[in-house]
Amino acid sequence: MGIVETSGVAFTTFQLSREAYQCRVYEEGSPTDATSLSWTQFSEMFLREFVPQVFRDAWRVKFEQLRRGTMSVSEYAVRFSDLSRHASALVSTVRERVHKFIEGLSYGIRFSMSRELETDVPFQQVVEIARQLEGMRG
């Protein structure tokens, strides 16, 4: 659990103003024995409340169509993670996330990663393997 997960909600809500301040009030109004919002819960609530559905739908479509193309694997991984928040139903498990990530890679890297499609390799490890393969291919 990183600093974003432990302090991100408190830090972000501290900086909010007007209507967005409701997120902070929500957390302060919860019973004292209730668990705090996680960063993921806060992000989902914030997007749902303050980002129009049309934008969220457009980001989901971009995620569905995302391919590495001319991006480096690192750039692709960042874009993939950013857009995947808007398509959580498509990548609800680690295996689905890994499969979708590999599916968007170039053919040569994707072909070399066929074993990762069949095993339960963590997502970050799959990204690192793709980076290494990209480096070997020059």
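User: Which residues does Val-91 touch, not counting residues up to four places away in sequence?

Analyst: Val-91 touches Phe-63, Ser-84, Glu-96, Arg-97 and Lys-100. A contact here means heavy atoms within 4.5 Å. Before we go on: this is a predicted model, where local features need pLDDT of at least 70 and side-chain atom pairs count only at pLDDT 80 or more, while totals for chains, interfaces and linings use all residues. Residues are numbered from 1 along each chain as its sequence is written, and side-chain values use heavy atoms, with hydrogens and water left out.

User: Where is the place of Val-91, and why does Val-91 count as buried?

Analyst: Val-91 sits in the loop between helix 5 and helix 6. Helices (H or I, at least four residues) and strands (E, at least two) are DSSP runs, numbered from the N terminus. As for burial, the cut-offs are under 20% relative accessible area for buried, over 50% for exposed and partly exposed in between, with a 1.4 Å probe and protein chains only. Val-91 has 10% relative accessibility, so it counts as buried.

User: How far apart are the C-alpha atoms of Val-91 and Phe-101?

Analyst: They're separated by 9.6 Å, and the two residues are ten apart along the chain.

User: What makes the pair of Phe-80 and Phe-101 edge-to-face?

Analyst: In general, you describe a pair of aromatic rings by the distance of the centres and the angle of the planes. Rings of Phe, Tyr and Trp (its six-membered ring) pair if their centres lie within 6.5 Å; planes under 30 degrees apart are stacked, over 60 edge-to-face, and the rest tilted. The structure holds nine aromatic pairs. For Phe-80 and Phe-101, the centres are 5.4 Å apart and the planes stand at 90 degrees, so the pair is edge-to-face. It links distant parts of the chain, with Phe-80 in helix 5 and Phe-101 in helix 6, 21 residues apart.

User: How do you know whether Phe-80 and Phe-101 are buried or exposed?

Analyst: Set them against the burial cut-off: Phe-80 has a relative accessible area of 1%, so it is buried. Phe-101 has 0% relative accessibility, so it counts as buried too. Both belong to one aromatic cluster, formed by Phe-63, Tyr-76, Phe-80, Phe-101 and Phe-123.

User: How many cavities of 30 Å³ or more does a search of the whole structure find, and what makes something a cavity?

Analyst: The search finds one, with a volume of about 50 Å³. On a 1 Å grid over the protein atoms alone, a cavity is a set of points where a 1.4 Å probe fits but cannot get out, whereas a pocket is an open set with protein on both sides within 12 Å along at least five of seven lines; lining residues have an atom within 4 Å of a point. Grid points are joined across faces, edges and corners, and a volume is the space filled by probe spheres set on the points. Helix 6 gives the most to the cavity lining, with three residues.

User: Which residues lie nearest the centre of the largest pocket?

Analyst: Glu-44, Ser-84, Arg-85, His-86 and Ser-88, out of 15 lining residues. The largest pocket has a volume of about 440 Å³, and helix 3 gives the most to its lining, with five residues.

User: What is the secondary structure of the protein?

Analyst: Nine helices and zero strands. Of its 138 residues, 30% count as buried.
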